[in-house]
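Visitor: Please pick one part of this model and go through it closely. I would like the terms explained as they come up, and then a look at how that part sits within the rest.

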Amino acid sequence: MPPDHLLDDYVDPYDDPAARGRRHGPLRVGLGGPVGSGKTALAAALCRTLGAELDLAVVTNDIYTTEDADFLRRHAVLPDDRIEAVQTGCCPHTAIRDDITANLDAVELLEARHPGLELVLVESGGDNLTASFSYGLVDVQVFVVDVAGGDKVPRKGGPGVTASDLLVVNKTDLAPLVGADLDVMRRDAAAVRGGKPTLLISLREDPAATEVAAWVRQQLRSRAAQHA
Ligand SMILES: Nc1nc2c(ncn2[C@@H]2O[C@H](COP(=O)(O)OP(=O)(O)OP(=O)(O)O)[C@@H](O)[C@H]2O)c(=O)[nH]1
């Protein structure tokens, strides 16, 4: 692995840019981001909103437990056989970027169990701003941060913030409580993301994650057009 300061230039050994987007099977969407930013809450919201219209499944990643999969099962956002847990036993980014075998196995198991699968959400364990998914594992990636850590987070960069296909700034309902300026976060994100989209949301106020679900539908349409 390269040192952290070179991670913006990190070359993904599994990625073939020419093949990206041409993979068949379900669209695989990675959900990454720091601990507690709302990845599981977003996965649950997308399952509730898209579950009725799409054939979908979820892979969760935890270091030592199956806590996130248990949460999704407890809240019955999908039938149990559509939720697979990966226990990484190591830094979460290792299992989504460096050695993606366990996650690929989980995706393939879900694909075999549900041959009509259209969408698989792969939720990473909570990590830091350097975490990103290999495009050998996912087709598009969403990076979730929240406002509770202050409005400086987008300015700090890192591949999740700068290179993800969608940046989600969650928990906007907490902004007044922590003195976070949402305009600053919006502006700083735009400055480092080269035109890629950023959504500021509150899953507390919009438990359907309406805008993120719309973005996922758009990704599905784009891929269908590519394959047509
Ligand atoms: N106020 C507020 N709380 C939220 C929001 N979204 C999620 N939370 C809460 O934030 C906490 C962490 O949410 P999770 O979805 O578990 O976060 P996570 O990123 O999956 O956490 P890890 O899997 O531990 O990395 C939970 O208590 C959620 O209820 C939001 O929009 N506003």
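Guide: Helices (H or I, at least four residues) and strands (E, at least two) are DSSP runs, numbered from the N terminus. The model is a predicted one: local features need pLDDT of at least 70, side-chain atom pairs count only at pLDDT 80 or more, and totals for chains, interfaces and linings use all residues. Residue numbers start from 1 along each chain as its sequence is written.

The part chosen here is helix α8, beginning with the loop that Ala209 occupies between β7 (198-200) and α8. Ala209 is not a glycine, yet its phi is positive, near 45°. Most residues other than glycine have a negative phi, and most peptide bonds are trans. Ala209 counts as buried because it has 27 C-beta neighbours inside 10 Å. The rule takes C-beta atoms placed from the backbone: 20 or more others within 10 Å make a residue buried, 12 or fewer make it exposed, and anything in between is partly exposed.

Next comes the packing of α8 (residues 210-227) against α1 (residues 39-50): their axes come within 10 Å and cross at roughly 65°. α1 is therefore roughly perpendicular to α8. Axes here are lines fitted to C-alpha atoms, for helices over the stretch in contact, and angles run from 0 to 180 degrees between N-to-C directions. Angles under 35 degrees count as roughly parallel, over 145 as roughly antiparallel, 65 to 115 as roughly perpendicular, and the rest as oblique. The crossing of α1 past α8 is right-handed, a term for a near helix turned clockwise from the far one by less than a right angle, with anticlockwise giving left-handed.

On the α8 side, Val212, Ala213 and Val216 meet Leu42, Leu46, Thr49 and Leu50 of α1. Contact requires the C-beta atoms of two residues, placed from the backbone, to lie within 7 Å. By class, this contact has 6 nonpolar, 1 polar and no charged residues. Ala, Val, Leu, Ile, Met, Phe, Trp, Tyr, Cys and Pro count as nonpolar, Asp, Glu, Lys and Arg as charged, and the others, Gly among them, as polar.

Helix α1 also contributes to the surroundings of the ligand, supplying 3 residues, the largest share of the shell. That shell holds 17 residues, the closest being Lys39, Thr40, Ala41, Gly126 and Arg204. A residue is taken as near a molecule or strand if its C-beta atom, placed from the backbone, lies within 6 Å of it. The classes are 4 nonpolar, 8 polar and 5 charged residues in the shell around the ligand.

Further along α8, Ala224 can be set against Gly158: their C-alpha atoms are separated by 31 Å, with their positions 66 residues apart along the chain. Gly158 sits in the loop between β5 (140-146) and α5 (159-163). It counts as buried because 21 other C-beta atoms lie within 10 Å. Apart from neighbours within four places in sequence, Gly158 is in contact with Leu129 and Thr130.

A second positive phi, of about 70°, belongs to Lys171, which is not a glycine either. Lys171 lies in the loop between β6 (166-170) and α6 (175-178) and is buried, with 25 C-beta neighbours inside 10 Å.

As for the whole, the protein has 8 helices and 7 strands, and 44% of its 228 residues count as buried.
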